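Student: Could you take me closely through the part of this model that faces the DNA, and then show me how the rest hangs together around that part? I'd like the cut-offs spelled out as you go.

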2 protein chains.
Amino acid sequence: MPEVVAPTRERILDAALAAWGTRGYEATSLDALAGDLGIAKQSILYWFPSKETLLDALIARSTQELAQAMQTALDGAGDGWAKVEAVVRSVFRLAARRPELLGLVREVSRLGPPAATRMTGELQPLVRRAADFLESEMDAGHMRRHDPSLLLLAIYSTVIGMITEVEVLRALGEEPTARSLARRRADVLELLRSALLTG
Amino acid sequence: MPEVVAPTRERILDAALAAWGTRGYEATSLDALAGDLGIAKQSILYWFPSKETLLDALIARSTQELAQAMQTALDGAGDGWAKVEAVVRSVFRLAARRPELLGLVREVSRLGPPAATRMTGELQPLVRRAADFLESEMDAGHMRRHDPSLLLLAIYSTVIGMITEVEVLRALGEEPTARSLARRRADVLELLRSALLTG
DNA sequence: CGCCCTGTCTACCATTTGGTAGGGAATGGA
DNA sequence: TCCATTCCCTACCAAATGGTAGACAGGGCG
């Protein structure tokens, strides 16, 4: 079994994800990134001509990873509430495996255009599909009627918040551990369940 | 009636709120702030010895404004669900009047310590009170049982998200207008209602 | 060997950043 | 009138930032 070392390009993306997903984009310089990696800044600029290019590439890779996880969950067995639960669970699983990824989503949405536009653009099909699904469930009378878009925004906000709002969590006396993440997931699911399901 | 011009110090705080609440803290330099105000950067540094000092002062002022609005709502008439609704409405009212204020809250919580600690610290009593209230409602059987802290985090995330997630909103085909804000408020309330209330 | 291509580095650079030093106009009180 | 205080300014500065230019090492290949 060959000892495979992650190639430089991937390592740079990993470091950028870790740094930007937590400290933030503007707050982390290319020099700092290079320092983390133990390479020269120029090596970063060799693979990615500019900081923004690196961000673009990172968004592309991360979005794909996120989309794939949700897609798999959406495709999988189950319908109605089971499907919602599967998707939420897949996001939390991703958050457990790669905590910075959801942080990056939050960060990019904050950065605004053009970065945010790129991200939302790539997730558009998925969003569309989710909205259609919710609407059909409402039509079938399985879920309470809501504006599908606003409902999606609410779900998105809650899930992202429960995962990434570290400081607020701390202010509430809850340490953001792996164990706590599981509790938060359970709580989100319970909340969504009572909010969405009829009867 | 005397023509009262806002004193420089307040104008600086206003400009900082507008800029940092939307573009972000690191993304907005003191020079940019001074440019917006049509004054020299040194005038800013005269009133606030450093950028961080300005942030502190802004957090103090904004937190107070937010706390006061919520406090009034909490003190006001009503109990049970009416109280929750009153608080949420007060936050949305604030968001309508000063859109950047909630943006700043989001931004500060992202910045992490020490700024975030300062903000959460000042809101601590309010949070405590809200948690106690929720718990007593649960004890009385008026609301579904949840971990009060996690429930608060969920409510916080949803409300902040519905107000400040401009880019996600756009991705969902919803333009962030005043009219839309009212719809979002109605939706949040409806969601919370079905999520929280028993029976 | 000699050549080229890939990948990393050192050496710079222009601009921007937060911040210092200090000048000068206005005001008001002695 | 003189002085002190308040407030805003121009003139700088050291450090950090994103980015350019180009040298150099190594390997594959004719």
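Tutor: We'll start at the DNA, then follow the helices and the contact between the chains.

Some ground rules come before that. This is a predicted model, with local features taken only where pLDDT is at least 70 and side-chain atom pairs counted only at pLDDT 80 or more, while totals for chains, interfaces and linings use all residues. Residues are numbered from 1 along each chain as its sequence is written, and chains are lettered from A and ligands numbered from 1 in the order in which they are written.

Okay, DNA strand C. There are 15 residues around DNA strand C, and A:Ile39, A:Ala40, A:Gln42, B:Ser29 and B:Ser50 come nearest ("near" asks that the C-beta atom, placed from the backbone, lies within 6 Å of the strand). At least two residues each come from helix H3 (41-47) of chain A and from helices H2 (30-37), H3 (41-47) and H4 (51-75) of chain B (helices are DSSP runs of H or I with at least four residues, strands are E runs of at least two, and both are numbered from the N terminus). H3(A) has the largest share of that surface, 3 residues. Sorted by class, the surface near strand C has 6 nonpolar, 6 polar and 3 charged residues (Ala, Val, Leu, Ile, Met, Phe, Trp, Tyr, Cys and Pro are nonpolar, Asp, Glu, Lys and Arg are charged, and the others, Gly among them, are polar).

Now DNA strand D. Here 16 residues lie around the strand, with A:Ser29, A:Ser50, B:Ala40, B:Gln42 and B:Ser43 coming nearest. Two or more residues apiece come from helix H2 (30-37) and H3 of chain A, and from H3 of chain B. The class split near strand D reads 7 nonpolar, 6 polar and 3 charged.

How are the two chains related? Chain B can be laid on chain A with a turn of 180° and a shift of 0.0 Å along the axis, at an RMSD of 0.0 Å (a least-squares superposition on C-alpha atoms of residues with pLDDT of at least 70 in both copies). The two copies are thus related as by a two-fold rotation axis. In chain B, the C-alpha of B:Ala195 sits nearest that axis, 2.0 Å away.

Next, the fold that carries the DNA-facing helices. Chain A has 10 helices and 0 strands, and its C-alpha atoms fill a box of roughly 60 × 40 × 40 Å along the principal axes. H4 of chain A (51-75) packs on helix H1 (8-20) of chain A, with axes within 10 Å crossing at roughly 85° (axes are lines fitted to C-alpha atoms, for helices over the stretch in contact, and angles run from 0 to 180 degrees between N-to-C directions). H1(A) and H4(A) are therefore roughly perpendicular (under 35 degrees is roughly parallel, over 145 roughly antiparallel, 65 to 115 roughly perpendicular, the rest oblique). A:Leu13, A:Ala16 and A:Leu17 of H1(A) meet A:Leu54, A:Ala57, A:Leu58, A:Arg61 and A:Ser62 of H4(A) (contact means C-beta atoms, placed from the backbone, within 7 Å). That contact divides into 6 nonpolar, 1 polar and 1 charged.

In chain B, H4(B) also meets helix H5 (81-97), their axes coming within 8 Å and crossing at roughly 150°. H4(B) and H5(B) are therefore roughly antiparallel. On the H4(B) side you'll find B:Leu66, B:Ala69, B:Met70, B:Thr72, B:Ala73 and B:Leu74, facing B:Lys83, B:Ala86, B:Val87, B:Ser90, B:Val91 and B:Leu94 of H5(B). By class that's 9 nonpolar, 2 polar and 1 charged.

Further along the chains comes the chain-chain contact, which takes 38 residues from chain B and 38 from chain A. Helices H6 (99-111), H7 (115-139), H8 (148-164), H9 (166-171) and H10 (178-196) of chain B each supply at least two residues to chain B's side, and H8(B) gives the most, 10 residues. Chain B's side has 16 nonpolar, 12 polar and 10 charged residues. Since 100% of the interface residues of chain B are also interface residues in chain A, the copies meet through the same surface.

One last detail to check: the peptide bond between A:Pro113 and A:Pro114 is cis, with omega about 0°, and A:Pro114 is in the loop between H6 and H7 of chain A. The bond from B:Pro113 to B:Pro114 is cis too, with omega near 0°.

Key. Two residues are in contact if their C-beta atoms, placed from the backbone, lie within 7 Å.
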